[in-house]
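Reader: Before I read anything into the labels used for this model, I would like to see each one set against its cut-off. Could we go through them in turn?

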Amino acid sequence: VEVRGKAATVTQESTTPPAKLSSPQLADLPLVEQKFKAALPLVPGVVRTPNGRINIKGAVENQGLLLVDSAEMVDPVTGSYSIEIPIDAVESLQVYKSAYQAQYGRFSGGLTTIDTKAPSDQFRLQLNDFLPTVRVKSGRIVGIADDQPRLYLTTPLVRNRLNFSEAFAYDIVKQPVRGLAWPDNEIKTQGFNSFSSFQYILSPRQLLTTHVDIFPLRRQFANINSLLAQPASSDYGQKGFSAGSNYRYLSPSGAILTTLFQFTRFYRNPHGQGPADMLVTPTGIGGNYFNAWTRQSTEAQISQTYQFAPKNFWGTHELEFGGSYLRRSYDGTSLSHPVLLLRTDGSLAERIDFSGQSSLAATDNETMVFLQDHWVFNSHLAMDTGLRFSTQNIGDPTALAPRFGLVYSPGEGGKTIFRAGVGYFYDRVPLLAGDFTSNPTRTLSLFDAQGALVAPPLTYRNTYVRVTEDGQRIVPTNHRLASTPYNITWNVEADRELVPHVVLRLSY
């Protein structure tokens with residue numbers, strides 16, 4: 001709770017405030033599905049692709065980052081937003097296209113943050129969408145098309161000491177695909193998501209929050225389309241959990257110490273419908289999907305931040321510094337069947353073979369420290385400055401990321417606001433890049449119309465190649481990549497309030 005003698009000025013907020021959606025808005029908006037990812041495209045600059053992935057400021061989902069209560073909540077291997085959070089557990093959702101605060105890192109695209117609802121000291125039970133949608137074919141009811149009931153429960157366990165909440169969402173969806181005949185035209189999804197939270201009030205100045213998120217999912221015939229029928233499609237399965245705790249201490253001076261721990265285990269196992277070779281023809285895909293893989297991944301994160309009480313020196317300074325350690329690892333397998341490319345008359349034109357099953361594994365350790373300052377000169381001018389330093393086991397051994405942001409509001413009332421910023425953003429190296437050379441070897445064979453080889457089979461090697469000014473050279477298999485994806489982001493923006501609730505924004 002904040003009590004102010006007068007309304008907050010624009011300089012008290014971040015130089016690049018995020019687009020924000022609150023819990024009441026998420027409940028009232030006409031979303032296609034009641035999931036937080038469905039709400040993201042409501043923010044300008046965010047696009048959801050046909051396969052459900054999120055693009056922020058032109059960068060793909062894997063280059064962005066999702067934080068839930070300040071902890072990473074993404075697939076440890078790919079970085080995708082594959083871990084769902086029940087929408088009833090979301091208190092607010094923020095999207096940053098440019099986050100110049102030095103505390104944020106490990107992404108080169110956009111940043112999405114979610115704050116979950118704190119368990120209440122009053123009992124409350126809420127049920128939503130518990131009536132299924134029936135499937136109608138030729139005027140008759142044929143089973144259930146989808147059912148997505150949700151439950152939210154919060155209650156005190158120990159009065160004035162321990163509170164609990166549970167958000168549970170169950171999904172069964174049968175999505176029809178155009179171009180295929182029923183009943184073989186449906187992508188079938190089934191799973192649930194359970195988000196449990198405990199809030200323990202140690203003292204008036206100490207608060208401990210823990211949560212456990214469980215997210216199994218199974219999707220049958222995940223990639224069917226008008227040219228790819230169910231027998232040639234791939235099934236997708238995942239299961240896992242994430243558990244974390246957050247401890248906060250408020251000192252008498254107003255400083256805040258925050259300690260966070262998070263552990264995630266994530267298992268995925270896509271596979272085809274059988275062992276037959278995959279057939280690629282001019283009229284469609286036949287046989288069985290060629291590839292099956294498994295990935296067992298874990299991610300452990302521990303961080304600590306210290307926010308000083310406001311300091312007065314040529315204005316007001318809000319200093320914050322902290323550090324974190326994060327470890328990602330995975331092991332898995334990849335098995336591929338041959339792929340046969342056929343001509344219109346059914347003759348074999350090309351054959352792709354793979355060397356067999358491969359064992360894959362990679363580990364990455366990253367440490368980070370940062371220092372940032374929000375400097376409020378007066379009610380019209382403020383500046384964000386910060387510096388972030390990080391290391392990666394398989395990436396760049398040293399990465400220095402300076403950040404700078406500025407906000408200026410001439411006149412009174414904050415009706416006109418100018419913003420600008422620039423910063424380095426270092427991404428995380430995908431774990432799949434850490435063991436690329438262990439993938440199955442691919443061999444290509446070309447055939448003429450009579451079935452004879454046109455040339456000896458061509459085998460492609462899996463190697464790392466470093467491109468330099470002097471040309472290219474192969475990097476040894478066990479050599480660290482020593483490079484981390486990054487970008488330099490800058491922006492300028494002008495906001496003008498035309499009338500109450502209507503703002504014109506020009507941004508580049």
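Reader: Why does Asn163 count as buried?

Author: Buried means a relative accessible area under 20%, exposed means over 50%, and partly exposed is in between, with a 1.4 Å probe and protein chains only. Asn163 has a relative accessibility of 5%, so it counts as buried. Please keep in mind that this is a predicted model, in which local features need pLDDT of at least 70 and side-chain atom pairs count only at pLDDT 80 or more, while totals for chains, interfaces and linings use all residues. Residues are numbered from 1 along each chain as its sequence is written, and side-chain values use heavy atoms, with hydrogens and water left out.

Reader: What places Asn163 in strand β12, and which residues does it touch?

Author: Helices (H or I, at least four residues) and strands (E, at least two) are DSSP runs numbered from the N terminus, and the run called β12, residues 162-176, takes in Asn163. Contact here means heavy atoms within 4.5 Å; not counting residues up to four places away in sequence, Asn163 touches Pro119, Ser120, Asp121, Thr155, Pro156, Leu157, Ser197, Phe198 and Gln199. One of these partners, Phe198, is 35 residues away in sequence, yet its C-alpha is 5.8 Å from that of Asn163.

Reader: What makes Leu432 partly exposed?

Author: Its relative accessibility is 31%, a value in between the two limits, and therefore Leu432 counts as partly exposed. Leu432 belongs to helix α3, residues 431-434, and touches Val77, Thr78, Arg295 and Tyr330 once residues up to four places away in sequence are set aside. By contrast with these contacts, Leu207, which is 225 residues from Leu432 in sequence, is 38 Å from it in space, C-alpha to C-alpha.

Reader: Why is Glu72 called buried, and how do you know that its side chain makes a polar contact with the side chain of Arg106?

Author: Glu72 counts as buried because its relative accessibility is 3%. A polar contact is a pair of N or O atoms within 3.5 Å; within protein, one must be able to donate a hydrogen and the other to accept it, and residues adjacent in sequence count only if both atoms are side-chain atoms. The distance between the side chains of Glu72 and Arg106 is 2.4 Å, and the pair is therefore inside that limit. Glu72 lies in strand β5, residues 71-72, and its contacts beyond four places in sequence also include Leu65, Gln262, Glu299 and Leu326.

Reader: What makes the loop between β4 and β5 worth a look?

Author: Asp69 is found there, and it has a positive phi of about 50 degrees although it is not a glycine. Ser70 is in that loop too, with a positive phi near 75 degrees; at 49% relative accessibility, Ser70 counts as partly exposed.

Reader: How do you know that a space counts as a cavity, and how many are there?

Author: On a 1 Å grid over the protein atoms alone, a cavity is a set of points where a 1.4 Å probe fits but cannot get out, and its lining residues have an atom within 4 Å of a point. Grid points are joined across faces, edges and corners, and a volume is the space filled by probe spheres set on the points. By this rule there are three cavities of 30 Å³ or more, the largest of about 70 Å³ and the second largest of about 40 Å³.

Reader: What makes up the lining of the largest cavity, by class?

Author: Ala, Val, Leu, Ile, Met, Phe, Trp, Tyr, Cys and Pro count as nonpolar, Asp, Glu, Lys and Arg as charged, and the others, Gly among them, as polar. On that basis the lining holds two nonpolar, five polar and five charged residues, including Arg106, Glu366, Arg388 and Asp427. Strand β27, residues 381-392, gives the most to this lining, with four residues. The lining of the second largest cavity has five nonpolar, two polar and one charged residues, among them Ile54, Val60, Glu61 and Tyr81.

Definitions and conventions: On a 1 Å grid over the protein atoms alone, a cavity is a set of points where a 1.4 Å probe fits but cannot get out, and a pocket is an open set with protein on both sides within 12 Å along at least five of seven lines; lining residues have an atom within 4 Å of a point.
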